[in-house]
Structures are given as structure tokens and as C-alpha cells.
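Q: Please take a close look at one part of this predicted model. I would like to see how one small sheet is built and what packs around it.

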Amino acid sequence: MSTRLLSVGAQANPALGLAPLPSSEADARTVARVLPAHLPGGGVDCRTIGSGTSAEFNTALRWLYDPSAAVRHRILYYSGHAVMLPSQSIALALSDSDTSDARSFITAGLLGEYLVRCPKSMHTWFLDCCYAQGLSFSRLPETVQQMLDHRVFASSSVASRTRAPATGALLSPYTRALIRGIKGIAYRPDTVDLTISDLAAYLSAEAAVSGFGDPYLRASGSGSQVLFQKRLAPRSVIGGSRPSRTPPRPRLTVVLGEAGAQADTIALKASAVEEEVARLDGRSRIMLDLSKAAAGYLDAAAQPALLEGIDARKVWDEVRALIDDRHLMITGVDGDSIPADIIGAADVHRVAGPNGDDVLRTFTSLGIAAEEVTGRFVDDILQASAGSHQEMARITQTIALIRRFDGPSMDDSAVDMTVADVVELVDSFDGRISAALALCACAPGVYLPLPIVLGWVSRQLGAGGARLRSEALLSLFLRGSGALVTEDGWICVPTRYSGVFAALRPEPEKDFLPFLRWSLSVTAESPDAAVGRLQLLRAAALFCEQHVGRHDYAPVVDGLLALCGLELFAASRLHSWLPIIDDAIDWIGDRASARFLSICGHAYRLADHYDSAGAIFMAAAARTTNSIEELIVRSGIVAATKNSDGFSQARLEELSAMAERVQEVDEKGGETAAWAIAHLLFQRANVDFARSRWDIADSLYSNAERMLAGHSGIESARLMVDVLKGRGDVAIHRDERGECVRLADRMLGVVSDAALDRLGRVGFAKVLQFMGDLARRRALPRDMAEGLVDHGQVHAAVYWYERSLAEYDAQELLLGTLLCRFKIAEVWGIMDDYQRSFECHLDLLERFHDLGNGVWEYKSAVCALKLFPFLEHPHRIRAVSLAGDIRARLDRGTPSEFQQLWGRIALAAAGAGKEWEVAAGLARNLGLLGLAASLDRRSLGKWIFAYY
């Protein structure tokens with residue numbers, strides 16, 4: 001095993017009189033379950049101790065630090081009590097620890113002695129206990145410590161053990177944060193690796209918000225900085241070769257001919273890259289995006305990449321953008337399809353057809369000795385393969401399959417068997433095979449979860465025939481048919497055979513929509529659940545791209561985009577999925593369903609095309625066939641107009657009309673009805689929140705939360721994040737900091753449980769943004785009064801806002817990016833960087849104006865003007881020029897009462913003396929008594945940067 005993990009939960013110690021820690025054993029079990037799934041390299045040997053004795057712990061430590069075991073990484077996790085002994089040393093307390101026997105404790109010195117036994121391994125400790133920081137110092141000399149590759153993550157959260165919302169199990173705050181970070185929240189956008197520094201930064205930022213002990217990190221040595229990795233899609237990462245001693249090759253390598261293992265080997269050897277290479281799907285921009293998400297690929301990191309089967313002009317534009325700063329390999333293309341400027345800069349190779357040695361090696365890998373294969377037989381296989389490595393592999397696998405049942409003799413007739421012949425043969429053994437292959441042929445080249453495919457076939461298609469009970473035998477049959485099957489249970493139909501497999505069943509494309517609907521509804525607890533969902537989304541996107549414009553497939557494409565369009569938007573960049581929507585809506589036209597049009601409306605809303613979104617939502621409203629659809633569509637109308645016309649009377653009338661339908665929808669029940677009602681309540685709450693009616697808004701948000709309770713679908717999870725954030729925004733305005741922390745914890749829990757860091761990145765970005773809002777509010781004195789700034793919270797706010805900004809930017813969502821910049825500019829004000837804050841707000845003022853977003857244009861003008869007292873003279877002139885527009889809006893009564901308050905504060909800060917009294921009165925009306933007191937004193941403090 002390359003990694004050993006010892007996870008210990010010491011819950012009680014009667015002799016020392018220490019209070020039991022009900023979470024410790026659950027902490028240890030959770031760590032033992034989650035960590036191995038995210039450790040790079042695989043091969044994890046794990047042991048767990050719950051409330052064990054010191055003897056049991058010592059035995060486990062001897063196993064963990066056995067110098068005779070070839071272990072690359074040794075990990076110790078401990079949750080429980082630690083004490084300071086009379087000798088002033090820090091020690092872990094086990095169930096039988098007693099001060100009368102020093103050997104019943106595990107001291108820091110003893111841990112250090114174990115550690116030094118294995119100087120060639122990488123060591124990591126996660127300590128969740130009192131005195132955790134002191135445990136990171138052993139009695140070993142500093143010079144010895146520096147020789148070890150060792151890192152310690154320590155925190156004390158034992159005093160505030162809380163109940164984890166998802167499972168009801170007790171988990172400590174520190175361990176819960178650790179688990180969430182490792183599963184996905186701590187990773188930077190589009191990267192698969194979680195480094196020491198990224199994990200430490202995340203834990204520190206969450207500690208600042210959540211309130212558990214500020215984590216301590218001590219690291220020494222020069223080993224790998226990567227601790228954990230996201231789960232990856234099958235065949236999404238391939239290994240590189242050793243560096244070549246020949247002169248450096250060009251950064252672009254093109255391998256012409258058939259894609260596959262042979263092309264991969266040629267590309268890797270020619271490029272001479274040492275590190276892992278991400279395999280990406282180049283068939284279109286959205287397939288490229290989704291394969292990046294599945295491979296955890298980060299453009300900014302300049303990681304080597306292999307693009308397979310480029311088949312779209314805009315993907316070549318992506319190649320041009322990547323070509324200058326990384327090793328880029330392209331396979332599965334022919335020379336005529338490559339633009340002249342790209343092939344002219346490339347190192348070009350070609351895949352040669354298989355030879356006799358290739359055939360013999362393939363037979364050997366299938367358990368057939370080369371001596372059993374005659375030269376004539378090899379020649380027959382090469383002739384039948386017609387220069388294709390894929391076909392050669394299929395034929396040899398077919399022979400191995402037949403040999404399994406017909407004995408050791410080699411039958412020449414097997415060489416001439418077509419794919420259809422083989423499927424007909426194996427279908428008699430298991431009737432699920434042809435149905436499974438036909439379904440997979442609808443998305444060729446995409447690996448799908450084999451258990452889900454077989455589950456659908458067994459439950460819905462009623463495939464007959466005997467069932468192959470052995471998974472190994474089933475894989476053998478599928479490979480013999482020409483499919484690609486991985487050891488860990490994924491199946492892919494090569495594009496080469498997709499037409500043959502699709503013909504196995506009548507119109508399998510018509511089965512693809514119900515298959516996908518069922519597959520996406522299946523909830524799996526396995527570590528690969530999020531990856532499986534991403535692969536299903538890739539299949540849906542590929543199907544839509546290949547079938548838009550094809551006769552009779554409009555209902556299927558309509559249904560697929562209605563089913564998973566929002567998930568596609570959340571998992572890929574705007575400019576990748578928007579062309580699909582443009583093409584589909586033009587092609588489907590009058591045949592479009594209300595649900596499909598509603599999805600398109602949301603697409604244009606996310607793209608900040610508010611007029612188009614409103615028009616499409618109105619068209620959807622005219623086609624609704626039931627009250628649930630009508631409620632969903634009309635909620636979309638309200639959402640689409642939020643950033644264009646504010647909260648007009650027309651919107652309020654729309655909401656009132658919708659409210660009359662709630663009872664009818666509620667009676668229908670089910671998750672769709674619950675989602676529709678919750679979405680309506682959420683939109684109504686947004687209106688009241690923007691009108692500064694916070695009590696009403698909070699009540700509506702709470703009702704929406706109750707409607708979603710108990711529903712585990714991905715759409716419900718994404719809406720739940722929005723609803724919880726709405727409640728959090730209310731709590732921030734009320735300065736209810738404890739409630740904010742509770743809601744933030746719930747949001748992070750929803751993100752982690754539903755894998756929204758990969759499947760709902762808009763919602764994930766909103767959560768990160770809220771964490772920044774909370775940290776910014778906690779950095780300032782309560783009730784927006786005067787007082788000292790908490791700089792730890794300021795740094796946490798910067799961390800969360802920058803993470804949110806990176807997420808929005810990665811998805812090319814302009815509005816979210818601008819909102820994060822707005823909030824970061826306010827933090828710069830807290831940090832006394834007034835000029836930088838002012839210049840940012842001026843830039844945002846123009847950007848929001850160009851976007852047609854009057855609400856945020858007004859807010860940017862207010863923020864720029866309220867900086868007046870802190871600016872030098874030239875900037876003051878520019879700031880005061882904004883006062884006229886702000887005053888005009890206030891005179892018209894356009895902004896809400898809360899926005900009017902801040903407009904008055906900005907005017908007062910710029911020298912309009914009478915505005916102080918008006919602003920103080922507005923603050924009292926809103927219940928902001930601390931702020932009102934500051935305004936009465938006409939005293940400007942850091943509270944002025946508490947504007948949201």
C-alpha cells in the first residue's frame with residue numbers, strides 16, 4: 001500500500017474526569033471513510049480506533065510507523081482529549097489514561113520517536129483536540145525535524161461539538177470543515193489538486209467565520225505539496241514519460257489517425273512530459289468544458305493536456321489560447337481538418353497500423369500465451385483489422401471470449417465475426433448487453449457508470465436472457481463486443497462502433513431521455529457520485545449537439561434540455577452552453593414546451609440578456625399546460641426583470657396573481673410542486689427584501705426552506721442555497737451574527753452534500769460570496785457603531801470574495817464577477833486603501849450602466865461618493881459630481897428605504913449637512929439604532945464600509 005491512515009476517536013476518559021466527547025468516534029469513522037477516496041495514488045490501508053486503550057493505540061502506531069513497510073505517506077488523525085502533564089509535556093488521553101501512570105498517555109515526544117523511524121515517508125497529522133498546537137512540537141532536535149517531510153494541521157474544537165445537519169451524526173466543527181474542504185470546497189476553480197497551502201487557507205478562513213479554534217499549520221521538508229485530489233472521471237488523466245535528453249520538442253504535438261492508446265503513447269513520448277496529462281474531449285466547446293470539470297483541469301496552471309477528436313472551429317480557438325504556455329497534444333484528427341497556422345507550428349506524427357507484435361502482446365494481456373498463436377492466425381487478424389488498433393483489440397478479445405467457452409483451440413471463424421455477430425452471440429448469455437450497448441451508443445466516447453446503465457436496462461427495458469452473475473464475466477462479454485470497460489465499473493462505446501450498436505435496438509435515441517431522467521434521479525453515496533453525474537451531463541450535451549436539426553428528434557432534445565439544462569449551465573462556461581440554447585430554440589421553434597422555454601429564459605437571464613429572457617418567459621407562459629408549469633414560468637418572469645426594471649408595480653401584480661395558484665399546486669405534492677412553490681416564495685421574499693421589509697422577507701424565505709426540506713434533488717439543493725443565502729442576507733442586515741454563522745454552516749453543508757462545487761457552481765459562488773459578507777460584517781463593530789476592526793476577519797473576507805470571484809470568472813458570468821469586485825472594493829476601504837476602492841467603484845459604475853443594471857449602478861455611485869472624506873482633492877471633484885444623479889434618484893423615490901439610507905449617508909459624507917438628520921431618521925425606521933447613533937454624532941467610521 002502506498003498510504004497508511006490511522007484514524008483515532010477517543011471519546012471518554014473516566015479516570016481524568018474529562019467530559020465525554022460524543023463526536024470523537026464519529027469524527028474518526030468519517031475521516032476513515034472520506035480521506036482514502038481523495039488521496040492521490042490509491043492503495044490506502046486504513047485502521048480505525050474508537051475509544052481505545054493506550055496499548056491499542058501504541059500497537060496501531062507501531063503498525064503506522066513500521067519502517068519495514070514500503071509506505072509513501074503515513075497519516076495520523078486524532079479526535080479527542082489532550083492534556084498537559086505535570087512534566088509540562090502535552091499528551092493524548094485515551095480511555096485508560098491515568099496520571100498515576102505516565103505510560104498510559106501518548107506524549108508529543110513519543111509521537112516524535114515513532115515519526116523518526118520512517119524518515120523516507122511523508123507524514124501528515126490532523127489533530128482535533130485541546131493543546132493541539134503544542135502536540136506539533138516533539139523533543140526531537142530542530143535539525144532532525146527539518147530533515148523529515150512532515151506537516152501538522154491542528155485545531156481545538158472539542159468545546160463546541162455540534163450536530164452535522166446531513167446525517168444527524170455528531171461531528172466536531174474542525175473535522176466537519178476538514179471533510180468539506182477535502183471533498184471539494186477548499187479546491188481552487190477547475191483544479192484537481194488540494195495543496196497544503198490551499199487547505200490551510202480554507203481552514204483558517206472557515207475558522208474565522210465559524211468560530212472553532214484558529215487552525216495551526218506546521219510544515220517541514222520538501223516533499224509533495226499535494227495532499228488530496230478530487231475524484232476524476234475514468235481515463236481523464238494519463239501518465240507522462242520521463243524527460244527526453246534530446247533537444248526540447250515544440251509545445252504542440254499532433255498525432256494524425258485513429259485515437260486511442262497507441263496515439264496516446266506516441267503523443268506522450270514525443271512531448272517528453274514527466275507530469276500527468278489531462279485527457280480532454282475536443283469535440284465541442286461544451287464537451288471540452290465538461291471534460292475539464294471531470295478531469296479537474298485548470299487553464300491557468302498550464303497543465304499539459306491531450307485533446308482528442310477536435311471537431312469544431314471554436315475549439316481550435318481554444319487551442320490557440322492554450323498553445324503558448326503548455327505542452328498540448330492533439331490526437332484523433334486528420335491533417336485536412338487542422339488549421340494551417342496550427343499544424344504549421346506542430347510536431348506532427350501519425351499512428352501506424354497494428355503489427356504482429358501488437359497482436360501477440362494483446363493476446364498475452366488476455367491470458368493467451370504467444371506460443372499458442374500461429375503466424376498465419378496473426379496475419380488473418382491483421383488483415384481483418386484493416387489498420388485499426390481498436391478493431392484488432394476487438395477481434396482478439398472476441399477470440400478470448402469464445403475460447404473461454406469453446407476450449408483452447410483457435411477458431412479462424414472468430415476473426416471474421418463482425419461486431420453485430422458478436423453481440424448476437426453474447427446476447428444469448430445476457431439479454432442486457434445489447435440494450436446497454438445501444439444506450440451507450442447514443443453518447444459515443446463518453447464513459448458512463450456501468451451499474452446505472454445496467455440498472456436502467458434491468459428495470460425499464462425488460463431485457464431477457466440469463467443474467468451473468470460474475471461482474472468479471474460481464475466485463476469480458478462487453479469487451480468482446482467491442483465496448484471499453486474499466487476495472488472500476490465504467491463503460492464507453494467507441495465512436496467507431498456507435499452506428500452498429502445503435503442499430504441493436506429500434507430507435508434507442510427515444511430511450512435516451514427516460515434513461516437519463518432515471519439516471520439523474522438516482523442518488524448514490526459512492527465517492528464517484530458527482531463524477532457519474534458529470535459524465536451523464538456530458539452524454540446529454542453530446543446528444544443534444546449531435547441531434548439538433550435532425551428530423552423527429554425535437555421532442556427528445558427539448559426534453560433533455562428541460563431536464564438538465566440548468567445543470568449544464570452550472571457545470572460549464574457561458575459561451576460554451578449558450579450556442580446550444582441558441583441553436584435549439586431556433587430549430588425547435590413553435591414545437592417547444594413551456595419547460596424548455598423556461599430553461600432557455602434562465603439561460604438568457606444568466607447571460608445578462610434580460611430583454612430576451614423576459615420575452616422567452618412570456619412565450620413559455622402562453623404554453624403552460626398545468627398550474628405547476630405556470631408557477632415555474634411566472635417565477636422566471638419575476639426573476640428576469642429583477643435587474644432591469646427594479647421592483648415595479650407590474651412585478652408586484654405578477655406575484656399577487658401567482659400567489660392565487662399556490663394552493664392548487666401545493667395540493668399536487670411532490671418535489672416539482674415543492675420546488676415551484678419554494679421558487680415563488682423565494683422571488684416574493686427577494687422583492688420584500690429589496691424593499692427593506694426584512695421581517696416579511698425572512699418569513700417567506702423560511703417558508704421556502706420548509707417547502708424544500710426533505711427533498712434531495714440537485715435542483716432542490718441549488719434552490720436551498722439561494723433560500724438560505726436570502727435568510728443570511730436578512731440576518732446580516734439585522735446584524736444577527738450567530739444566526740449568520742448557523743446559516744453559513746448549513747449552506748456549506750448543502751454544497752458539500754450535493755457536490756455543488758462541481759454540479760452547481762453558481763450556487764457555490766453565492767455561498768463563497770456570503771461567507772465573505774459575513775466575515776466583512778464581523779470585521780466591523782456591532783450595530784455599525786464606532787470601534788476597532790478585526791483584521792483576522794478582514795483577511796477572511798478577502799479570501800472568500802476572491803474565491804467567489806474566481807468561480808464567477810471561470811464560468812464567464814459577468815454580473816456575479818462585478819458583484820464580487822464591488823464587495824472587494826468595500827474591503828479595500830476597511831483596509832484604508834481608499835483610492836483603490838474609489839477607482840474600482842467608478843469602473844463598476846460604468847460597467848453596470850453598460851449592462852443596463854440600474855440597481856447596482858446606483859449602489860456603485862453611492863459607494864464612490866461616500867468615500868469623499870477619505871480622498872485627495874482631484875478625486876473629490878470626481879466623487880462630488882455623482883451627487884446630482886444620486887439626489888435625482890432619491891427625489892424620484894426609486895431606491896428602497898435601505899438604499900435611500902445609504903444614498904443620504906453618501907450625500908452627508910460629501911458635505912450635505914442636512915442629510916445627516918434625514919439618514920439618522922431612516923436608520924431608526926429600519927431598526928439600525930447603532931448606526932442612527934453614529935449618524936446623530938455625524939461621525940464617520942469604518943462602519944461606512946458595511947454597505948451591502
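A: Start with the sheet itself. Strands 4, 5 and 6 form an open sheet, in the order 4-5-6. The pairing is antiparallel. At the edges lie strand 4 (82-84) and strand 6 (105-107), each of which pairs on one side only. Neighbouring strands are turned against each other by 35° on average, with direction ignored.

Now the pairing of strand 4 with strand 5. Strand 5 covers residues 90-93, and 3 bridges join it to strand 4 in the antiparallel sense. For a landmark, find Ala82: Leu92 of strand 5 stands opposite. Helix 3 packs on this sheet. The helix touches strand 5 and strand 6. Its direction makes about 65° with that of strand 6. When tracing side chains here, keep one general point in mind: in a regular strand they alternate between the two faces of the sheet.

Next, follow helix 3 to its helical partner. Helix 3 spans residues 108-116, and helix 2 spans residues 54-64. Their axes come within 9 Å and cross at roughly 25°. An angle under 35 degrees counts as roughly parallel, so helix 2 and helix 3 are roughly parallel to each other. The crossing is right-handed. On the helix 2 side, the contact is made by Asn58, Leu61 and Arg62. Helix 3 contributes Leu110, Leu111 and Tyr114. By class, this contact has 4 nonpolar residues, 1 polar and 1 charged. Helix 3 thus has two contacts to inspect: the sheet, through strand 5 and strand 6, and helix 2.

For contrast, turn to the parallel pairing of strand 1 and strand 2. Strand 1 (residues 3-9) and strand 2 (residues 44-50) run parallel, joined by 7 bridges. Thr3 has Val44 of strand 2 as its bridge partner. Helix 1 (residues 24-38) joins these two strands in a β-α-β unit. That unit is right-handed.

One further sheet is worth setting beside the 4-5-6 sheet. It is also open, has 3 strands and shows antiparallel pairing, but the order is 20-22-21. Its edge strands are strand 20 (448-449) and strand 21 (484-485), each pairing on one side only. Strand 20 pairs with strand 22 (residues 490-492) over 2 bridges, in the antiparallel sense. Here Leu448 stands opposite Ile491 of strand 22.

Terms used: Residues numbered from 1 in each chain as written. Predicted model: local features only at pLDDT ≥ 70, side-chain atom pairs only at ≥ 80, totals over all residues. Heavy atoms only, no water. Axes fitted to C-alpha atoms, helices over the stretch in contact; angles between N-to-C directions. Helix = DSSP H or I, 4+ residues; strand = E, 2+ residues; numbered from the N terminus. Parallel < 35°, antiparallel > 145°, perpendicular 65-115°, else oblique. Left-handed = near helix turned anticlockwise from the far one by under 90°. Contact = heavy atoms within 4.5 Å. Nonpolar A, V, L, I, M, F, W, Y, C, P; charged D, E, K, R; others polar. Pairing = 2+ DSSP bridges. Right-handed = clockwise from strand over helix to strand, strands pointing away.
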